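Reader: I've got this one open on my screen and would like to talk through how its parts hold on to each other. Can we start with the charged pairs and then look at the helices?

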Amino acid sequence: MQYYLYFKAFHIVGFVSWFAGLFYIVRIFVYHAEADEKPENIREEWKSQFNLMSQRVYKIIMNPAMMITWTFGLLMLGFNHGILQQNWIKVKLVLLVLLTVYHVYCKTIIKKQERGEKTYNSFQFRLLNELPTLFLISIVLLAVLKDVLNFVYLFFGIMAFGALLYFIAKAYKKSREQ
């Protein structure tokens with residue numbers, strides 16, 4: 001039992017760090033996209049710096065944190081494999097796989113930006129930056145409320161929250177443009 005609590009502690013440290021990296025990397029993407037609006041004499045230098053920053057965040061923060069999260073989460077499942085019979089953990093695992101896909105997708109954006117390919121504009125990146133928020137809320141609610149949570153309400157609640165974030169982002173964009 002004592003080992004399980006250590007696994008849980010490191011799992012929490014891992015996912016807090018992972019989400020910090022996921023939030024920060026897309027902010028760097030926003031700044032990279034906004035560098036296109038800067039004067040030509042500084043544009044490439046800024047983009048180069050943002051490319052370096054995104055590589056470091058991905059390799060030094062995101063990858064290790066993701067591995068810690070998965071490793072200690074799987075160790076917890078190994079010590080308490082009966083939990084796999086519960087529906088909430090199955091949904092959580094699906095969300096974690098999707099979050100891992102998002103993580104890898106961020107790497108494809110890094111590669112495209114390094115090659116100078118057009119990706120998204122800064123507003124689209126701001127919207128993409130809200131996706132980890134939706135994952136975080138869903139996963140935490142599942143882990144805390146477990147099978148008490150109605151998954152249909154969770155899904156529609158998260159979608160409604162996502163729509164709210166979209167409208168807030170649109171309003172923020174409009175206020176910045178004025």
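Author: Sure. A salt bridge here is a side-chain nitrogen of Lys or Arg within 4 Å of a carboxyl oxygen of Asp or Glu. Keep in mind that this is a predicted model.

Reader: Which residue forms a salt bridge with glutamate 34?

Author: Glutamate 34 sits in helix H1, and its partner lies in helix H4 (residues 122-128), so the pair ties together parts that are 92 residues apart in sequence. Both residues are buried. The closest N and O atoms are 2.9 Å apart, and the partner is arginine 126.

Reader: Is lysine 47 buried or exposed?

Author: Lysine 47 meets aspartate 36 in a salt bridge, 2.4 Å from N to O. Aspartate 36 counts as partly exposed because its relative accessibility is 32%. For lysine 47 the cut-off to use is under 20% relative accessible area. Its value is 15%, so lysine 47 is buried.

Reader: How are H3 and H5 oriented to each other?

Author: The axes of H3 and helix H5 (residues 131-145) come within 10 Å and cross at roughly 160°. Angles over 145 degrees count as roughly antiparallel. H3 and H5 are therefore roughly antiparallel.

Reader: And how many nonpolar residues are in the contact of H3 with H5?

Author: On the H3 side, the residues include Trp88, Val91 and Leu95, and they meet H5 residues including Phe135, Ile139 and Leu142. By class, the contact has 1 charged residue, 1 polar and, for the number you're after, 13 nonpolar.

How values were computed: Residues are numbered from 1 along each chain as its sequence is written. This is a predicted model: local features need pLDDT of at least 70, side-chain atom pairs count only at pLDDT 80 or more; totals for chains, interfaces and linings use all residues. Side-chain values use heavy atoms; hydrogens and water are left out. Axes are lines fitted to C-alpha atoms, for helices over the stretch in contact, and angles run from 0 to 180 degrees between N-to-C directions. Helices (H or I, at least four residues) and strands (E, at least two) are DSSP runs, numbered from the N terminus. Angles under 35 degrees count as roughly parallel, over 145 as roughly antiparallel, 65 to 115 as roughly perpendicular and the rest as oblique. Contact means heavy atoms within 4.5 Å. Ala, Val, Leu, Ile, Met, Phe, Trp, Tyr, Cys and Pro count as nonpolar, Asp, Glu, Lys and Arg as charged, and the others, Gly among them, as polar. Buried means under 20% relative accessible area, exposed over 50%, partly exposed in between (1.4 Å probe, protein chains only).
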